[in-house]
Amino acid sequence: MTSLGVNTRVVLVSRPDGDPTPENFGLESVPAVSPGAGEVLVAVDMLSIDAFIRTTLDDRDDSLHGSAPIGSTIGALGVGTVIESGDDRFQPGDAVAGGLGAQTQATVPTAFLEKVDTSRFGPATQLGAMGLTTGLTAYVGMKFVGRVTETDTVVVSGAAGAVGTFAGQIARLLGAKRVIGIAGGPEKGRYLVDELGYDASIDYRAGSIDARLAELAPDGVDVFFDNVGGDILDSVLLQIHEGSRIVICGAISQYGDMNNVTGPRNYLKLAERHANMEGFTVLHFAGRFAEARDDIRGWLTEGSLVEHNHVERGIERFPHALDLLLTGGHRGKLLVDVSGNA
Ligand SMILES: NC(=O)c1ccc[n+]([C@@H]2O[C@H](COP(=O)([O-])OP(=O)(O)OC[C@H]3O[C@@H](n4cnc5c(N)ncnc54)[C@H](OP(=O)(O)O)[C@@H]3O)[C@@H](O)[C@H]2O)c1
């Protein structure tokens with residue numbers, strides 16, 4: 001193997017107990033590695049900070065996204081440029097997206113990558129509005145699981161985050177009658193209404209959301225797109241009615257202790273009200289990605305879909321960015337630009 005430049009990577013030093021702390025991570029610089037057959041060496045431009053990363057930090061056999069061994073590079077999706085290729089289908093200069101890991105020079109199997117066109121929509125949009133774990137997740141969850149119609153009152157939790165900002169806007173674009181966002185703090189509430197076109201917002205940090213939700217959705221909630229789980233899911237279950245659809249996109253309130261996930265106490269409302277709760281992962285809808293990207297591209301172009309990216313700069317900011325995600329210190333899509341580390 002030939003050594004090239006330097007790869008700076010974020011490794012797992014110890015497993016977090018609850019929210020990760022800086023001590024759980026280390027930064028290493030090692031020689032970049034030439035790709036073998038079926039691999040490419042990629043100069044990473046931008047990394048996506050996603051909730052699933054937290055679940056990979058635990059030692060669990062049944063973790064959906066795998067369990068990072070101590071000392072390994074933290075898993076992350078990213079966009080970068082091929083420098084050297086061991087696969088005829090990828091050439092130096094190609095822009096690629098996929099599982100690059102939290103590092104600056106990634107040697108990875110091409111099976112984990114797809115080519116992307118960054119000429120019109122750059123790396124941030126490729127990972128955000130058009131990205132697997134963000135825009136595509138919001139689109140397929142709202143359209144094919146939530147099955148939003150024009151008579152629907154839609155509620156989104158985690159509404160000011162990456163998936164949430166797109167889920168609410170997409171509900172509106174699909175014709176929803178009323179869109180209500182749940183997020184932490186008054187500033188995020190104003191952001192939802194003033195900048196994203198939500199009809200109303202609820203600040204869950206101000207206390208129980210029950211009364212405010214009943215006031216904002218007096219006829220009940222038709223579609224609940226849930227990113228949070230826990231108490232918020234329980235509160236919304238009290239407001240559903242016959243035929244409501246509860247979309248389980250995620251449960252970020254539970255990721256700090258996955259051995260003790262708390263399910264909904266009010267799930268019997270589903271039976272009482274003949275409602276449906278359905279979970280999904282975005283990969284269940286791979287056959288719909290082309291359609292989703294076409295729509296999202298069109299909405300971005302006509303300006304009816306707004307993207308808000310929170311970009312941290314430098315690979316060393318990766319642990320801080322993950323902390324922001326888990327504590328809500330951002331709006332929209334969280335990214336780490338590592339192009340300056342090259
Ligand atoms: N099903 C799929 O295929 C799929 C794919 C991608 C992501 N997801 C899920 O989508 C959800 C959102 O992910 P994301 O990447 O878009 O993150 P994000 O929404 O950008 O960030 C997470 C947000 O969750 C909120 N939050 C954190 N802890 C909370 C708690 N205990 N109670 C209430 N809110 C809390 C914070 O906002 P506040 O300031 O409002 O608290 C934070 O901004 C996650 O559950 C993730 O697992 C699912």
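Which residue places a backbone N or O atom 3.0 Å from a nitrogen atom of the ligand? The close-ups below, taken from a predicted model, start with that contact.

**View 1. Polar contacts to the ligand.** The residue in question is F280, whose backbone N or O atom sits 3.0 Å from a ligand nitrogen. Two further pairs involve oxygen atoms of the ligand: a backbone N or O atom of G184 at 2.8 Å, and a polar side-chain atom of K188 at 2.6 Å. Around these contacts, the protein covers 89% of the 910 Å² of accessible area that the ligand has on its own.

**View 2. The shell around the ligand.** Here you can look at the 27 residues around the ligand, of which K188, Y204, Y255, V282 and H330 come nearest. Sorted by class, the shell holds 14 nonpolar, 11 polar and two charged residues.

**View 3. The ligand between two domains.** The domain assignment splits the protein into domain 1 (3–128 + 308–341) and domain 2 (132–284). Both domains give residues to the shell, so the ligand lies between them.

**View 4. Where the domains meet.** Step back from the ligand to see the two domains together: their C-alpha centres are 28 Å apart. Domain 1 brings 22 residues to the contact, and domain 2 brings 18 residues. About 1500 Å² of area is buried between domain 1 and domain 2, with carbon and sulfur atoms giving 55% of it.

Definitions and conventions. Residues numbered from 1 in each chain as written. Predicted model: local features only at pLDDT ≥ 70, side-chain atom pairs only at ≥ 80, totals over all residues. Heavy atoms only, no water. Near = heavy atom within 4 Å. Polar contact = N/O pair within 3.5 Å; in protein donor to acceptor, adjacent residues only side chain to side chain. Areas by Shrake-Rupley, 256 points an atom, 1.4 Å probe, with all protein chains shown as cover. Nonpolar A, V, L, I, M, F, W, Y, C, P; charged D, E, K, R; others polar. Domains from an automatic or database assignment. Contact = heavy atoms within 4.5 Å. Buried area = accessible area lost by both parts, 1.4 Å probe.
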